[in-house]
Amino acid sequence: MDVVTLGDFTLGRGVFEPGWRWSEDVKPIAGTDSCQTHHTGYCLSGQMTIRFDDGTEVTVGPGDVMVAEPGHDAWVVGDEPCILLDTGIAAYAKPA
C-alpha cells in the first residue's frame with residue numbers, strides 16, 4: 001500500500017493481487033472476525049467483492065466509488081489485480 005498524508009487527510013493506493021482475501025491474509029494480523037475499518041474509495045482497475053457481516057455483498061470494478069462500513073470481508077475477483085484508492089486507511093496505516 002502506498003500512503004500519502006496531507007494535513008489530516010490520508011489516501012492509500014492498494015494493489016490487491018488475485019487470490020487476496022481479507023479473512024485469510026489480514027484477519028490473523030487484525031485479530032477480529034471481520035474488518036473493522038471504515039473505507040471509502042475508488043476502484044481504478046480489477047474487481048473486489050465486499051461481503052458485509054449481515055450477508056449482503058457488493059462487487060466494485062473500474063470507476064466505482066465504494067463505502068465499506070466496519071464489519072466486512074473482501075476479496076479479489078478474477079485474475080487481475082484490484083487497485084483501489086482508499087481514504088479509510090489512516091486508522092491502520094503506520095509509517096515503516
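Here are some short exercises on this predicted model, each with a worked solution.

Residues are numbered from 1 along each chain as its sequence is written. Local features need pLDDT of at least 70, side-chain atom pairs count only at pLDDT 80 or more, totals for chains, interfaces and linings use all residues, and side-chain values use heavy atoms, with hydrogens and water left out.

**Exercise 1. Place histidine 39 and find its side-chain partner.**

Step 1: Look for the element. Histidine 39 belongs to strand E3, residues 39-45. Helices (H or I, at least four residues) and strands (E, at least two) are DSSP runs, numbered from the N terminus.

Step 2: Check accessibility. With a relative accessible area of 8%, histidine 39 is buried. Buried means under 20% relative accessible area, exposed over 50%, and partly exposed in between, using a 1.4 Å probe and protein chains only.

Step 3: Search for polar partners. The side chain of histidine 39 makes a polar contact of 2.7 Å with that of aspartate 86. Such a contact is a pair of N or O atoms within 3.5 Å; within protein, one must be able to donate a hydrogen and the other to accept it, and residues adjacent in sequence count only if both atoms are side-chain atoms.

**Exercise 2. Describe the largest nonpolar core.**

Step 1: Apply the rule. A nonpolar core is a set of buried Ala, Val, Leu, Ile, Met, Phe, Trp, Tyr and Cys residues joined through side-chain atoms within 4.5 Å.

Step 2: Take stock of the members. The largest core has 15 residues, and those with the most contacts inside it are Phe16, Trp20, Met48, Cys82 and Leu84.

Step 3: Map them onto elements. Strands E4 (47-52), E6 (65-68), E7 (72-77) and E8 (82-86) each give two or more residues. E4 gives the most, with 3 residues.

Step 4: Zoom in on tryptophan 20. Leaving aside residues up to four places away in sequence, tryptophan 20 touches Asp25, Val26, Met48, Ala74, Trp75 and Val76; contact means heavy atoms within 4.5 Å.

**Exercise 3. Find the salt bridges and say which parts of the chain two of them tie together.**

Step 1: Count. The structure holds 3 salt bridges, each a side-chain nitrogen of Lys or Arg within 4 Å of a carboxyl oxygen of Asp or Glu.

Step 2: Start with arginine 13 and aspartate 2, whose closest N and O atoms are 3.6 Å apart. Arginine 13 lies in strand E2 (residues 9-16) and aspartate 2 in strand E1 (residues 2-6), so this pair ties together parts 11 residues apart in sequence.

Step 3: Move to arginine 21 and aspartate 73, at 3.1 Å between the closest N and O atoms. Arginine 21 sits in the loop between E2 and helix H1 (22-25) and aspartate 73 in strand E7, so the parts tied together are 52 residues apart in sequence. Arginine 21 is partly exposed at 22% relative accessibility, whereas aspartate 73 is buried at 13%.

Step 4: Finish with glutamate 57 and arginine 51, which meet at 2.5 Å, N to O. Glutamate 57 is partly exposed at 43%, and so is arginine 51 at 32%.

**Exercise 4. Decide how many disulfides there are.**

Step 1: Set the cut-off. A disulfide is a pair of cysteine sulfur atoms within 2.5 Å.

Step 2: Count. The total is 0 disulfides.

Step 3: Inspect two cysteines. For cysteine 35, the nearest cysteine sulfur is that of cysteine 82, 14 Å away. For cysteine 82, the nearest is that of cysteine 43, 4.1 Å away. Cysteine 35 is buried at 5% relative accessibility, and cysteine 82 is buried at 0%.
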